[in-house]
Amino acid sequence: MKLLVSLLLLALLNAVPTSEGKEHYRGFQLWRLTVESEEDVRWLQQSAGKMSMDFWTDPSTVRPVDIMIPRGMLEEFGRMLDGRDLSYRVLRSDLQKDVDNSINEAKMKKTSRMGIAALGDFDYTIYHEFPEIQQWVADIANEYDFVQNFTFGTTYEGRSIGALEISAPRGNSAKDPKPIVYFEGGIHAREWVSPATVIYFTGKLLRNYAAGDQDAVRVLEMFDLHIIPSLNGDGYIHTWSDERLWRKSRQPNPDFGCIGTDLNRNFNAYWGMNGASPWPCSIVFRGFTPMNNPETQAIDKHFQNLNDMGRETKVFIDWHSYSQLILAPWSYSTEVALPPESEKQLAAAAAMAAAMNATNSVDGGYIHGPSASTIYEASGASNDYGYAGTPAATYTYVVELRDTGEYGFLLPPDQIEPTGEESYDGVIALLNYIIDNDY
C-alpha cells in the first residue's frame, strides 16, 4: 500500500498544474463519490494529505464528495476506490474543456459591453476582473454620501484590498453607534460567484435604500455595513490569467516549492486541528502559523481597531461557493458542545434559508446547520473565528452559494443574477430577524 501511495504521489507531482501555459487541466476529471462510513471519510482525508487531491466538496457521509482527479492518477485511484467498494461516477471527463468554456464565456460577455466608464455602466450580471471590482468600490462610494471606501489591507503581492463602509443615518430605535454587519467575499480565488454576489446584493441594497424601500431603509438605519467584495485579490487574478481553479493565496511557502495558504484554514480560532493540513502543497494548507498571511492579518487588524473604538460586530458572513449551505459554528469539531448562542444562530439562519429558497425555488434549496455536523470538520475557519475570535459576533456564518455540483466552481454568468437575488432576500430576512429578536 505504501508503494502504491508513493507511485500515486509521483504521478500527481507530474500532473499538477504549473504556471507555464494554460493547459493546466487537460485530461483532469471531476468525480463524484458516495461515502457511507466515517472510516472511508478518514481514508479519503489521509489520501488527500498524502497526494494533494483537490476536493471540490470535502469528504463527508452526509453529501456527495466531488474530487478533481489529475490525468496521471485516474486509473490507479479508480482501482483504490474499487478496492474499498466506494462507488463513483464521472461528472466531467476533461475539465480543461469546461475551464475554457468558463473563461471564454466570461470574457465574451465582458467584451460585448461598451466598457465601464461610470457606475451606471457597471454590469452586475457578469464576472468582473479584480481591477474592475476595485473601481466599483470607489464608484459606489462616490455615488452615495453615506458610503465610504477605504483600503482594508494589502495582499502578499502588494495589491490594495478595497472595502466599503455603509453608514446611513441612524434610525430612532437604533443603537448609537449602530452594530456592524461584516460581509466578505472571494477568500477562495476560484469561487467567482462569491464576489459577484456580494457586489450584486450591495448594489441592490443601496439602490433600494435610495428609492425608499422599507426593508432596505430599516436595515441600514439599524446597522452599519462593512463590505469586502474580493479579499484574495492575488489568487483571484491568478484564476483569470493562469489557473482558473486556483483556491489559495499566492504567498510562497519557502523550501517546499508550493505556493499559497488556504486562507479559510488560517484563522486563529482552533487553528491546526481537524480538516486542515500542515503540508504546504495541500489544497487546505493551514499556514505555518495562524494568521501568517497578510489577508487574514488585515481582517484581524480591522476588528481589533473596531474593538478599540468600542464598536459591536453583530454579524460576520464569509461568502463562498458551492453547495447551497448556511453554516454556523462550530466548524472545527463535531465532538464539542455547540456555542451558547447556537439556538439564536440557527434560528436566524433558518430565516435566511427560508427567504433564499422562496426567491427562486432553487434546485436542492439552501440548507442550514452547524458547520462540522452539516458537512465536515474544518479548523481555523472563518465562521469559528467570527464567533470565538476578535470579531466576537453572535451571528457568524459561512454561506455556500450556488450550485450543488452541476457546474460547481465554474458557475455560468447567467447564474449571477438569481444567486444575487436570493442572497439579497436572505440578507434582508437575516437582519430583520435579528432586529426583531435580538437587537
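Which residues of β3 are buried on one side, and which on the other? In this predicted model, Val65, Ile67 and Ile69 are buried on one side of β3, and Asp66 and Met68 are buried on the other, so that both faces are covered. In a regular strand the side chains alternate between the two faces of the sheet. Strand β3 comprises residues 65–69, and because 5 of its 5 residues are buried, the strand is largely enclosed by the rest of the structure.

Two strands pair with β3. Strand β1, residues 29–34, runs antiparallel to β3 and is joined to β3 over 5 bridges; within this pairing Gln29 stands opposite Ile69. Strand β2, residues 54–55, is likewise antiparallel to β3 and is connected to β3 by 2 bridges. Here Phe55 is placed opposite Ile67. Ile67 and Ile69, the residues of β3 named in these two registers, both belong to the side formed with Val65.

A further buried position is found in helix α4, which spans residues 95–111 and contains Gln96. The relative accessible area of Gln96 is 1%, which is under the 20% limit, and Gln96 therefore counts as buried. The surroundings of Gln96 include a segment that is remote in sequence: Gln96 and Glu23 are separated by 73 residues along the chain, yet their C-alpha atoms are 6.8 Å apart. Leaving aside residues up to four places away in sequence, Gln96 touches Lys22, Glu23, His24, Tyr25 and Arg26. For Arg26, a polar atom of the Gln96 side chain lies 3.5 Å from the backbone nitrogen.

An open sheet of 8 strands with mixed pairing has the order β5-β6-β8-β7-β11-β14-β12-β13. Its edges are formed by β5 (147–154) and β13 (367–370), each of which pairs on one side only. On average, neighbouring strands of this sheet are turned by 20 degrees against each other, direction ignored.

Within this sheet, β8 (residues 224–228) pairs with β7 (residues 180–185) in the parallel sense over 5 bridges. Two registers illustrate the pairing: Glu184 has Ile228 as its bridge partner, and Phe183 stands opposite Ile227. Strand β6 is joined to β8 by 3 bridges and runs antiparallel to β8, with Glu165 opposite His226. Strand β8 is mostly covered, since 5 of its 5 residues are buried. Asp224, His226 and Ile228 point one way from the strand, whereas Leu225 and Ile227 point the other way, and all are buried. Helix α9 (residues 294–308) lies across β5, β6, β7, β8 and β11, and runs at about 130 degrees to β5.

Helix packing is illustrated by α10 (residues 342–360) and α13 (residues 416–438), whose axes come within 8 Å and cross at roughly 145 degrees. The crossing is right-handed. On the α10 side the contact is made by Lys344, Ala347, Ala348, Ala351, Met352, Ala355, Met356, Thr359 and Asn360, while the α13 side contributes residues including Pro418, Glu421, Glu422, Val427, Leu430 and Tyr433. The residues of this contact divide into 11 nonpolar, 4 polar and 5 charged.

Several backbone geometries merit separate mention. Most residues other than glycine have a negative phi, and most peptide bonds are trans. The bond joining Ser321 and Tyr322 is a cis peptide bond with omega of about 5 degrees; Tyr322 lies in the loop between β11 (313–321) and β12 (325–328). A cis peptide bond also leads from Pro329 to Trp330, with omega near 0 degrees, and Trp330 is located in the loop between β12 and α10.

Positive phi values occur at two non-glycine residues, Asp85 and Ala392. For Asp85, phi is near 60 degrees, and the residue lies in the loop between α3 (74–83) and β4 (87–92). With a relative accessibility of 71%, a value over the 50% limit, Asp85 counts as exposed. For Ala392, phi is about 55 degrees, and this residue is found in the loop between α12 (382–388) and β14 (395–401).

Terms used. Residues numbered from 1 in each chain as written. Predicted model: local features only at pLDDT ≥ 70, side-chain atom pairs only at ≥ 80, totals over all residues. Heavy atoms only, no water. Buried < 20%, exposed > 50% of the residue type's maximum accessible area, 1.4 Å probe, protein only. Helix = DSSP H or I, 4+ residues; strand = E, 2+ residues; numbered from the N terminus. Pairing = 2+ DSSP bridges. Contact = heavy atoms within 4.5 Å. Polar contact = N/O pair within 3.5 Å; in protein donor to acceptor, adjacent residues only side chain to side chain. Axes fitted to C-alpha atoms, helices over the stretch in contact; angles between N-to-C directions. Left-handed = near helix turned anticlockwise from the far one by under 90°. Nonpolar A, V, L, I, M, F, W, Y, C, P; charged D, E, K, R; others polar.
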